[in-house]
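Colleague: I am new to this structure. Please take me through one part of it, the surroundings of the ligand.

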Amino acid sequence: MGEETLGIARPRLSLDQARELGRKLYGVDPSGVATLPSERDQNFHLKPDHVLKISSASEERTVLDFENRALQHVAREDPSLPVPRLIPTLEGELMGETASGWICRLFSYLPGKPLASFKPHTVDLLRTLGRTMGRLDRALAGLANEAHPRTLKWDMTRAADVLRDGMARVETHDRRAILERHLARFERNVLSRLLELPRGVIHNDGNDHNILIGRSGEITGFLDFGDMIEGAVVCDLAILCAYAMLDKRDPVGAAATVVAGYHEEHPLSDEELALVFPLAVTRLAMSVSICARQFRDEPEREYLRVSQAPAWRLLERLEGECDRFPHYAFRAACGKDPHPDGAGARRFFHAQAPTSVLPFPLAGEPIHVFDLSVGSQELGGLEVLEDVECFTSHLFSKMKRTGARVGIGCYDEARPLYTSAIFTSAPEGGSEPRTVHLGIDLFVEPGTPIHAPLDGVVHSFRLNDAPLDYGPTIILEHALGYTLYGHLSSRSIDGLERGQRIRKGEAFAEVGDFPANGNWPPHLHFQIILDLLDKEGDFPGVARPSERLLWLGLSPDPGPFLGIESKMAAESDLTAERRQHLSGALSLAYERPLHIVRGSKCFLYDTDARPYLDMVNNVAHVGHCHPRVVRAASDQSAVLNTNTRYLHPNILEYAQRLKAKLPSSLEVCFFVNSGSEANDLALRLARARTKRRETLVLDGTYHGNLTSLIEVSPYKFDGPGGDGAPDHVTKLPMPDGYRGSHRRADPDYSERYVDDVRAILEGRRASVLIAESILSCAGQIVLPPGYLAAVHRLVREAGGVCIADEVQIGFGRVGSHFWAFEAEGVVPDIVTMGKPIGNGHPIGCVVTTREIARSFETGMEYFNTFGGNPVSCAVGLAVLDVIEEQALQENARKMGARLIAGLRELQERFDIVGDVRGRGLFLGFELVRDRETLEPAADEARYLVNRMKEEGVLTSTDGPLENVVKLKPPLIFSEEHAETFLDKLASVLEEDYLRPS
Ligand code: PMP
């Protein structure tokens, strides 16, 4: 009945026998029985709540006893830790016995998916993993090792034997060499220190199959206490890190997050921290070695080889990396000085301060400290960066104006300047570019000599000639640490020799000029470096924001050394300030709100210069901060801004240009400040014309934030805090062909929705219908074919006029037409415009027929202080120019088709994508839990939008059920943007939270 594995007989019970044991020994009557994987035991899931574990009779009782006691101890010490609970037999025994002598134990069943296959491994999840392991080690701490000493192959102190054995068995030379290097390092550097570290009972097997994760990324199970030994406690963390690094874009970063979590619960000493990484790679090397042996012994177990692929990939990838770096990264993650001797090195540099690298001291010199941060107004629009000459004169003329001989670029400043591939495309960075400046920039005339601030020797020099790189670069080595000089002249490195002595004060190089200096405005990049990480002639001068503390620790602030203040002030907590000063009725997007300080084209940038592809802002119609639009506003603002009580050509030119885009019956323009104001005025015009108030609206829609518009917006009056429809407002059923009362599958569904409207209007008079031609807040709903034209007819028959609300959808967004109502084949009586009309400048507009405009001329003046002012009209004209000159309506058509095709493919692959719809660049997809019942997936939609944001893409949810993800990017959206979006969306749709459970 047993099978020999690993020297002990492996039990082989049938499902029925397991069920029977559950009943007899434990009084458990399972709803079903299934086997669960185990290396040496036999495990059964007695559904739903239990696991029956059958161990070989030859297992040592003392070992199983110890395991049982450990589990009970952990449960007592930290009851909320997700470890299995041991359930006694009916007789009160912790272990039962089968008729044939197998040992059985019953445990609580822990749900969840193994970490190995769970997606995604977010920073939160990795940190929680570390924390949970820290708690487990804390809970195990009081446990005396009552088991007699065990010899386990997984004991880290035995790594040398295991690796030697592995070396004899792996197949390729390269892999043998990797194991050999790890063996040498382990024996030379690790073993003796490992034996000195604090010891205790450890779990010893936090691998990615022993940890279970729930759908929301919470840890639901920490399994398998069968490999517990007494050992260095830090091994538990190292083992966890080894598996947490597998297949990560940034393995060291992932491990650092785990370490930080662990340190919160179980503080680590410096010496423990120093050994985490070496032990983690040792564990990986042990794992592949043990597996190589098993595979040699049992070649039919091909899966063993497959399961080791990620460990080999990681070991191969880590080859050639400086092994001090993870140590620094882990220290930084725990809030320690990244470099263990950082304080000493800083003291060394400070002791020589102030010194200078220029021919004159900086202290006392008239300097101008530039703001080159992301949101810098001094920098202005990013187009200044497109031409180095223009950027240079921008900076140097500022210095001239302020009488400064030197311009300073600050240390620890996140900047939008680093746009070339060397900053944006490192695979481990994902979508997080390097932006944080690690040195100080000194902007001076090219050719300015550079003097050594300290005695040193030339460590290395190089021409770093990638776009926007350092150009010619020199690194000097000093008694403690190094200094780096970037953007030099080519002459500076000619004839230089490594090891050449350079005396303090000696001029050894000069400031370069563009393009040879990396194509930057002339300046010296000066940086102090405590550890060069084995690099030569180069070292990162800019870091990823998530690694800020680490790199700033390795490159301390050169300001005090040079006698200047160059660090930007720390930021305040804006969320708290908002709470203090603003109404709680204002909401913030995303679970972790964004602090955006710059917009350019299709992107928004946060304070770290992290770019976010904006797929939701239909206001930034021609792209964020379009220079043409910005210039129009600024040029006209410099000359005149006043109201419409004076003659001015801008308003007239603008009215004519807008009218040229509209049907000829729409002749009279009113300019206001927002879409809401436009709709409010449109209602007044309609009511003035019909002398009645009865208003028809489509269910679920929104028309603005004024009192009059909340009254006609079911989205608000039927939503939280709403008072329902007022008496003068009638809702028409939302003509939703996907989940409404009539659906697209019915060929007559449009006619049926029209019939509903006909029935509502039967025998009634109407004043006005206000409707969008694609419903926005109601869930990106495209109207059924012919519906709007028929409804317009019915409304007019009932004596009403028709308002087309184009606030969201106008200005070429739908691609096929300039206005969305044109795609429905209707000519409204009144059109309202807002949002995109001013590309962010507050403009609204109402255009109507001469006849309706006349009914409004009652003697009461219409005055709007800001509406139609010369600046707003100049902006509106610039927006129209850009739409036309850049052919943006056509781009909306093409890119819309591209996105729809991509979304339809995803709809085929992922059941949760129930519907894809929209026109041009006004699109949406609806998430459902079940394609038959259409159960809305609102939590999933919220999850998706927040995850996409973490991945650098901004979307949002809408619709009455909050389960529609809407997409309405700036019309300059490109093929490349579409691909980025679709790739990221596909990857998020694969995440566990969005998969059917
Ligand atoms: N109409 C529609 C269809 C809208 O979506 C909105 C705003 N979301 C408005 C009018 C009101 O525009 P604003 O908030 O700019 O006043």
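Modeller: What follows is a close look at the ligand and the residues around it. Keep in mind that this is a predicted model.

Start with the shell. There are 13 residues around the ligand. Those that come nearest are Ser676, Glu772, Asp805, Gln808 and Lys835. Sort the shell by class, and 8 of its residues are polar, 3 are charged and 2 are nonpolar.

Where does the shell come from? Helix α19 gives the most to it, with 3 residues. This helix covers residues 675-690.

Now go down to single atoms. Gln808 is one of the residues that come nearest. An N or O atom in the side chain of Gln808 is 2.7 Å from an oxygen atom of the ligand. Lys835 is also among the residues that come nearest. Here the ligand brings a nitrogen atom, and an N or O atom in the side chain of Lys835 is 3.1 Å away from that nitrogen. Gly675 takes part through its backbone instead. One of its backbone N or O atoms lies 3.5 Å from an oxygen atom of the ligand.

How much of the ligand does the protein cover? On its own, the ligand has 400 Å² of accessible area, and the protein covers 85% of that.

So much for the parts; here is the picture again. Polar residues number 8 in the shell, and helix α19 is its main contributor. Side-chain atoms of Gln808 and Lys835 and a backbone atom of Gly675 face ligand atoms at the distances given above.

Definitions and conventions. Residues are numbered from 1 along each chain as its sequence is written. This is a predicted model: local features need pLDDT of at least 70, side-chain atom pairs count only at pLDDT 80 or more; totals for chains, interfaces and linings use all residues. Side-chain values use heavy atoms; hydrogens and water are left out. A residue is near a molecule or strand if one of its heavy atoms lies within 4 Å of it. A polar contact is a pair of N or O atoms within 3.5 Å; within protein, one must be able to donate a hydrogen and the other to accept it, and residues adjacent in sequence count only if both atoms are side-chain atoms. Accessible areas come from the Shrake-Rupley method with a 1.4 Å probe; for residues, only the protein chains shown count as cover. Helices (H or I, at least four residues) and strands (E, at least two) are DSSP runs, numbered from the N terminus. Ala, Val, Leu, Ile, Met, Phe, Trp, Tyr, Cys and Pro count as nonpolar, Asp, Glu, Lys and Arg as charged, and the others, Gly among them, as polar.
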